[in-house]
Amino acid sequence: MKKKSIGRDTQCEIVLNHESVSPVHAHIHVTEEGYLAVQDANSRHGTFLNRNERWIRIKKVILGTEDRIRFGDLEVALEKLVAAFGGPVQVRLREGYSVRGKPLVFDQNLLDLPNPKTILEHPRRNPITGIIEENR
C-alpha cells in the first residue's frame, strides 16, 4: 500500500502549515489488515498519540477509534488521515486497544479476512521485536 506523507512541504499529501511541523513530518499507510498506521519521519518536534488520556511520543502506531494524534503541536482529526486514502481503498480504525487487564479488541470485520487475527487476552509488547503478542 502506498505511503502518504504529512508535513509542511507542499509536496506532501497532507499539508500542515504550522511552525512545529517538519517539512516531511510523518507517513501514513494502510496495513495488510486494512488499518491505518502512522510512522514518524524523525521529525524535530515529534509525533504524539493520546491514548488513555495521556500524550506519548511515538515512532510507529496503528490507530484506534479512541485515539488522538498530534504532529508537533498540531492535533489532526483521524477523519482527515483516513480521507487521504479516499476512493476504492478501505481504511479502518481499530475498535479499541489494549488496556491493562482487558483484551485487545479487533474489528469484527477481520473475521471476513482469509487469515483473521485473534483476540489477545493478555497482550504485551515484545521488548526486542516491538510486536504485540500474547503474554503467556
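How many aromatic pairs does the count come to? Keep that in mind as you turn the model around; the answer comes at the stop with the rings. One thing to know before you start: this is a predicted model.

**The whole chain**

Begin with a cartoon view. The chain holds one helix and eleven strands. Follow the cartoon along the sequence and you will read β-β-β-β-β-β-β-β-β-α-β-β. Now colour by accessibility if your viewer allows: 39% of the 136 residues count as buried. As for contacts with a separation of 6 or more, 37% of them join residues 24 or more positions apart.

**Start of the chain: Lys3**

Select Lys3, in the segment before β1. Is Lys3 buried or partly exposed? Its relative accessibility is 44%, so Lys3 counts as partly exposed. Next, add Ile28 to the selection: this residue is 25 positions along the chain from Lys3, and their C-alpha atoms are 5.6 Å apart. Show the surroundings of Lys3 too, leaving aside residues up to four places away in sequence, and you will find contacts with Glu13, His27, Ile28, His29 and Gln39.

**Into strand β1: Gly7**

Move along to Gly7, which belongs to strand β1 (residues 4-7). Gly7 counts as buried because its relative accessibility is 0%. Beyond residues up to four places away in sequence, Gly7 touches Cys12, Ile14, Val15, Leu16, Val21, Ser22, Pro23, Val24 and His25. For a distance to check in the viewer, pick Gly7 and Ser43: 36 residues separate them in sequence, and 9.4 Å separates their C-alpha atoms.

**A loop stop: Thr31**

Select Thr31 in the loop between β3 (26-30) and β4 (36-40). Why does a residue in this loop count as buried? Thr31 has a relative accessible area of 14%, and the cut-off for buried is under 20%, so Thr31 qualifies. Look for its contacts with Ala37 and Ile62, again not counting residues up to four places away in sequence.

**The four-stranded sheet**

Now highlight β6, β5, β8 and β9, in that order: these four strands form an open sheet with antiparallel pairing. At the edges are β6 (54-58) and β9 (74-76), each paired on one side only. Look along the sheet to see the twist, which averages 30 degrees from one strand to the next.

Zoom in on β5 (residues 47-51) and β8 (residues 68-71), antiparallel strands joined by four bridges. One residue pair to select here is Leu49 and its bridge partner in β8, Ile69.

**Arg70 and two rings**

Show the side chains of Arg70, Phe48 and Trp55. Arg70 lies over the face of Phe48, 4.3 Å from the ring centre. The charged end of Arg70 also sits over the ring of Trp55, at 4.7 Å from its centre. This is the place to settle the opening question: the count of aromatic pairs is zero.

**Last stop: the core**

In soluble globular proteins, nonpolar side chains tend to be buried together. To see the largest nonpolar core here, which has 20 residues, start from the members that touch the most other members: Ile28, Val38, Leu63, Ile69, Phe71 and Leu81. Then bring back the cartoon, where β3, β4, β8 and α1 (78-83) each supply at least two residues of this core. The largest share, three residues, comes from β3. Two of the core residues just selected are familiar from earlier stops: Ile28 was paired with Lys3 for a distance, and Ile69 is the bridge partner of Leu49.

Methods: Residues are numbered from 1 along each chain as its sequence is written. This is a predicted model: local features need pLDDT of at least 70, side-chain atom pairs count only at pLDDT 80 or more; totals for chains, interfaces and linings use all residues. Side-chain values use heavy atoms; hydrogens and water are left out. Buried means under 20% relative accessible area, exposed over 50%, partly exposed in between (1.4 Å probe, protein chains only). Contact means heavy atoms within 4.5 Å. Two strands pair if DSSP finds at least two bridges between them. Axes are lines fitted to C-alpha atoms, for helices over the stretch in contact, and angles run from 0 to 180 degrees between N-to-C directions. Rings of Phe, Tyr and Trp (its six-membered ring) pair if their centres lie within 6.5 Å; planes under 30 degrees apart count as stacked, over 60 as edge-to-face and the rest as tilted. A charge sits over a ring if NZ of Lys or CZ of Arg is within 6 Å of the ring centre and within 35 degrees of the ring normal. A nonpolar core is a set of buried Ala, Val, Leu, Ile, Met, Phe, Trp, Tyr and Cys residues joined through side-chain atoms within 4.5 Å.
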